[in-house]
Each structure stands twice: as structure tokens, then as C-alpha cells.
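Reader: I should like to learn how pockets and cavities in a protein model are to be read. May we go through one example together?

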Amino acid sequence: MNERATPNGNGSNGAPLLQLRGICRSFGHVRAVHEVDVDLQRNEILGIVGDNGAGKSTLMKIIAGTVSPDSGQILMNGEPVEITTAQDSRRLGIEMIYQDLALFDNLDVAANVFIGREPTRGLPSLLGFLERRRMHREAAALLQRLNIMIGSTRLPVGVLSGGQRQMVAIARAVAFEENNHILLMDEPSAALGATESATVTELIRDIRGDGLSIMIISHRIPEVLDLADRVMVMKRGEHVATLDARSTSVEECVNLIVAGAPAATGQA
């Protein structure tokens, strides 16, 4: 097992990489997220746990730009930013991997890695010709760099195992890392067995070692405590507590999820 890396902490201006302050979002009479504060440090893995309906996915979608908050503020590097679309989020260097992975089963591995960012030659825009050889060459190099074992980038994604599919989704999210600072992951191991889950966990550790900051939603609390630096507990749309993953336990997290408690002074 790889050693857990140490988050780099605040930047030169003293601010975390990402901050959410007083985030609220309701759907009709349902209060999905209420007055939630979050800090994500550089080179950190932050786990988010809670029951169904705790607001975890809504919070992630707000960061990813697919849901807009009713109120609150988002800051990056201490500066206020506006995220109203997924394009806004991506421009800020935020990538989201949803639980369904959003892969195209009929396309091969290389095509899925480059989807929406395909290199072309000849005529501009949609009239250009795809540089398929380049796509396969660069996709193969990316998989090798990430130690992802897939026989060929020409394999259709539909024939891959669950773990391999998850790794293709991760590879796609980090393929353009010059524009990528934060990776959001929704239940990355939910549909995987123990062996594939362990493989994906090691890959997450490896990409964090390359300088990414990662937020993970998971119902697997032991896995979160093993992987994350801190774990944030949510209940009924509220931030209950943020704990050091090394010094807390599954029992403490479960008690907070079941009983709930107001967040004391914000971040741990």
C-alpha cells in the first residue's frame, strides 16, 4: 500500500485551493444543502459521507456547475468565482466523475479519453479529420503513465470490467491536467468487488501524488478513512463535522451520521 501523501496546505495567499461558504440549495420544499462551508486544500483527498439525502451529491454538482446554489459563495485561491455551468467549472480546472461514469460503450478507450477534445487536422472545427493515430498513441501513453492495465486502446469500453471502466473515466479526467486542479468523484467503487476497488483506490492515491486535489463521495466509510486526509460528515443537507481521517473511526462517523450535530468551528 502506498504511503498517504501530505496535503500541501494553503497557497501563497494563505487560502485553500477551494472554499465554499454558506452554500444553500433547495428543490421546492426540500432543503438539499443548507449553509454548508467546505475547504479543500492543495494535494488533499477530502471524503464526504452521509446517508442518502444528506446533500452530498447536490454539493458536488454545485461545484461541478450542473446545479446552481440559491445562495452562498465559491472561492478558488481565495478569490470569488462564479460557477453556473459545467463549462465554468472545467475552465477553473474542476473535473467530475459521476457514478454512471458517462462513458460511451460503443466507442473505444482512446475515443472515450478524448471525447469532446478530439485532436483534428485539416479543416477547422467539426469539419476537420480526427487524428486517430495520435489519439491512440497519447491514450496508450497516458494509461502507461497511470499504470492502468488495459490490453489495447482500441477495445470498446463496453467489453471492459467495472474496474477498468472506472480507470478509463479517471484517465479521461486527468488527461488534460494542465487545466485540471480538482477531481470530484461520486461513489468510485460502489459497483466494484474488493480486488478492483483496491486497484482503483491505488490509482486515486497515485494521481493525488501528481498534484491533484480530490473530493470523494462514498458510502464505504472504512475505504474513505483509509484513503482520505479528512472526512466531512453531512446530515439532512447540513455540515455536521470535518474530521482528521487518521484519528477518527468508523463508529464515530456512523454516530455523527445517525445522531448529527451542528458543525462547531467549521473545518477541522
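Author: Certainly; please keep in mind that this is a predicted model. Let us begin with a pocket. The second largest pocket holds about 170 Å³ of space.

Reader: Which residues lie nearest the centre of the second largest pocket?

Author: They are G53, A54, G55, K56 and S57, out of 14 residues that line this pocket. Helix α1, residues 56-64, makes the greatest contribution to the lining, with 3 residues.

Reader: How does the lining of the second largest pocket divide by class?

Author: One counts the residues of each class: here there are 3 nonpolar, 7 polar and 4 charged residues.

Reader: How much space lies in the largest pocket?

Author: The largest pocket contains about 500 Å³ of space. Its lining comprises 20 residues, and R90, E95, M96, Y98 and R172 are those nearest the centre. By class, this lining has 12 nonpolar, 3 polar and 5 charged residues.

Reader: Which elements each supply at least two residues of the lining of the largest pocket?

Author: They are α2 (86-91), β6 (94-97) and α5 (162-174). Of the elements, α2 gives the most, namely 5 residues.

Reader: I should now like to turn to cavities. How many cavities of 30 Å³ or more does a search of the whole structure find?

Author: The search finds 1 such cavity. A cavity differs from a pocket in that a 1.4 Å probe fits inside a cavity but cannot get out, whereas a pocket is open. The volume of the largest cavity is about 90 Å³. Its lining consists of 14 residues, with P188, I204, I216, E223 and L227 nearest the centre. Two or more lining residues come from each of β3 (45-49), α6 (194-209) and α7 (221-227). The largest share, 4 residues, belongs to α6. The lining divides into 8 nonpolar residues, 5 polar and 1 charged.

Reader: My last topic is the backbone. Which loop holds E187?

Author: E187 is in the loop between β9 (182-186) and α6. Its phi is positive, about 50 degrees, although E187 is not a glycine. Another residue with a positive phi that is not a glycine is N77, with a value near 55 degrees. N77 is placed in the loop between β4 (71-76) and β5 (79-81).

Reader: Is E187 buried or exposed?

Author: One compares the relative accessible area with a cut-off: under 20% counts as buried. E187 has 8%, so E187 is buried. N77, by contrast, has 31% and is partly exposed.

Definitions and conventions: Residues are numbered from 1 along each chain as its sequence is written. This is a predicted model: local features need pLDDT of at least 70, side-chain atom pairs count only at pLDDT 80 or more; totals for chains, interfaces and linings use all residues. Side-chain values use heavy atoms; hydrogens and water are left out. On a 1 Å grid over the protein atoms alone, a cavity is a set of points where a 1.4 Å probe fits but cannot get out, and a pocket is an open set with protein on both sides within 12 Å along at least five of seven lines; lining residues have an atom within 4 Å of a point. Grid points are joined across faces, edges and corners, and a volume is the space filled by probe spheres set on the points. Ala, Val, Leu, Ile, Met, Phe, Trp, Tyr, Cys and Pro count as nonpolar, Asp, Glu, Lys and Arg as charged, and the others, Gly among them, as polar. Buried means under 20% relative accessible area, exposed over 50%, partly exposed in between (1.4 Å probe, protein chains only).
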